[in-house]
Amino acid sequence: MNAKIISTGSYLPEKILTNSDLEKMVDTNNEWIVQRTGIKVRHIADGESTSDLAYKAALDAINKIHLDPLDIDLIILATVTPDMPLPATALFVQEKLGAKNAFCFDINAACSGFMYSLSIANAYIKSGTVKKALIIGAEELSKITDWTDRSTCVIFGDGAACVVLEATDDENRGILDIRLKSDGAYTNLMRVPAPGSIKQCSEEVIKNREIYIKMLGNETFKMSVRHIASISEESLESVGLNFSDVDCMVCHQANKRIIDAVVRRIKIPAENAVITVDRHGNTAAASIPLALDWANKNGKIKEDDILLLNSFGASLTWAASVIRW
Ligand code: UT7
């Protein structure tokens, strides 16, 4: 039994924040942002929760294939910006969709959250426990972004995207391999220090801006390229393929320079790499499914194509998957 993606969907909030808007907020400029990140605009949720974005992305995916929400067995929502600490945001999405027969939970693996969730759903499908699953990446990073910190606030954005995964008897189709890695030695590279069990919410925590993302961007950048390339090679090798077999690479959309560097390192044609970071910034767990949905909607993926999905995130998580579409 294999797991196959049978539909994709996405939702980006209406409000757009441009680089020139950011020029009025912090000491930055359009040229620096475009040159260093490739980002031109990001979307910002205004009055919508993470589960609202996730619900709209899920509707987009299930409506395309006229899927009855009652036929969904599992919903996994990857996010670092849940509606609230408890309960899981996936349950709010379940209720909005009316997916009464699904069991639902959230996954936090930062920018690799979608890949971790895909891997879990893949295992459930392979075991025969689940027939149809929704895998959603949804984020409102604007809520944990320090809008006075130019080194981070220019990068992040809000959005959500979803894939529908279904069991297939065809062993040569769908997810051929998916693998995950983590390294807890680098939890200092990127974190939101509070509120949590170490530091609860207090006036001091808020004053020190510890409720926002702290990131060592440059160090993260350097590690990402190396890790993405090596795990991608392992994943392809495990199914007897190599980089020249890749028709379409959907990399985590953190920074266009990271994707360009990966492309150079693994020597695939630049046009085979999907780039959407210019239009929505780094949306963490939502970024891979957003890029995948864009590629799917815009005819960049054909039946039988070999897709390489790969991610890198805090702190550290990384992952790769080889899919025959
Ligand atoms: O999503 C998964 C995890 N996150 C990532 O993968 C993020 C990976 N990192 C990055 O994308 C990049 O490191 C950044 C975009 C965050 C930063 O780009 P960089 O090329 O690594 O810049 P830098 O931090 O080395 O800073 C270079 C210079 C510094 O000035 P000096 O010291 O050279 O004078 C910064 O102060 O750029 C300055 N700078 C800025 N200037 C204008 C930093 N941010 C800005 C800004 N506008 N927004």
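Here is a short chat about how some labels for this predicted model are earned.

Reader: What makes the radius of gyration of the protein agree with a compact globule?

Author: Start with the rule: a compact globule of 325 residues would come out near 20 Å. The protein has 19 Å, so the value agrees with that picture. If you'd like the outline too, the C-alpha atoms fill a box of roughly 55 × 45 × 35 Å along the principal axes.

Reader: Which elements are we looking at, helices or strands, and how many?

Author: Both kinds turn up: 11 helices and 13 strands.

Reader: Why is His66 called exposed?

Author: The label exposed needs over 50% relative accessible area. His66 has 72% relative accessibility, so it counts as exposed. You'll find His66 in the loop between α3 (50-64) and β4.

Reader: What makes the phi of His66 worth a remark?

Author: Its sign. Most residues other than glycine have a negative phi. The phi of His66 is near 50°, which is positive, and His66 isn't a glycine.

Reader: What about Lys267: why does that residue count as exposed?

Author: Use the cut-off again: over 50% is exposed. Lys267 has 71% relative accessibility, so the label fits. The phi of Lys267 is a positive value too, near 55°. As for its place, Lys267 belongs to the loop between α9 (256-266) and α10 (277-280).

Reader: And how much of the protein is called buried?

Author: Buried means under 20% relative accessible area. By that test, 54% of the 325 residues are buried. On the outside, the accessible surface is about 13800 Å², and 50% of that belongs to carbon and sulfur atoms.

Reader: How do you know that the peptide bond from Leu86 to Pro87 is cis?

Author: Look at omega, which is near 0° for this bond, and the bond is cis. Most peptide bonds are trans. Pro87 sits in the loop between β4 (74-78) and α4 (89-97).

Reader: What is the omega of the bond from Ala194 to Pro195?

Author: That one is near 0°, and the bond is cis. Pro195 lies in the loop between β9 (190-191) and α7 (203-207).

Reader: How many contacts join residues at least 24 apart in sequence?

Author: Take the contacts between residues at least 6 apart in sequence: 76% of them join residues at least 24 apart.

Reader: Last one: how many side chains are positive and how many negative?

Author: There are 35 positive and 42 negative side chains, and the centres of the two sets lie 4 Å apart.

Conventions
Residues are numbered from 1 along each chain as its sequence is written. This is a predicted model: local features need pLDDT of at least 70, side-chain atom pairs count only at pLDDT 80 or more; totals for chains, interfaces and linings use all residues. Side-chain values use heavy atoms; hydrogens and water are left out. Helices (H or I, at least four residues) and strands (E, at least two) are DSSP runs, numbered from the N terminus. The radius of gyration is taken over C-alpha atoms; the globule rule is 2.2 Å times the number of residues to the power 0.38. Buried means under 20% relative accessible area, exposed over 50%, partly exposed in between (1.4 Å probe, protein chains only). Contact means heavy atoms within 4.5 Å. Accessible areas come from the Shrake-Rupley method with a 1.4 Å probe; for residues, only the protein chains shown count as cover. Lys and Arg count as positive and Asp and Glu as negative; His and the chain ends are not counted. The place of a charge is taken as NZ of Lys, CZ of Arg, CG of Asp or CD of Glu.
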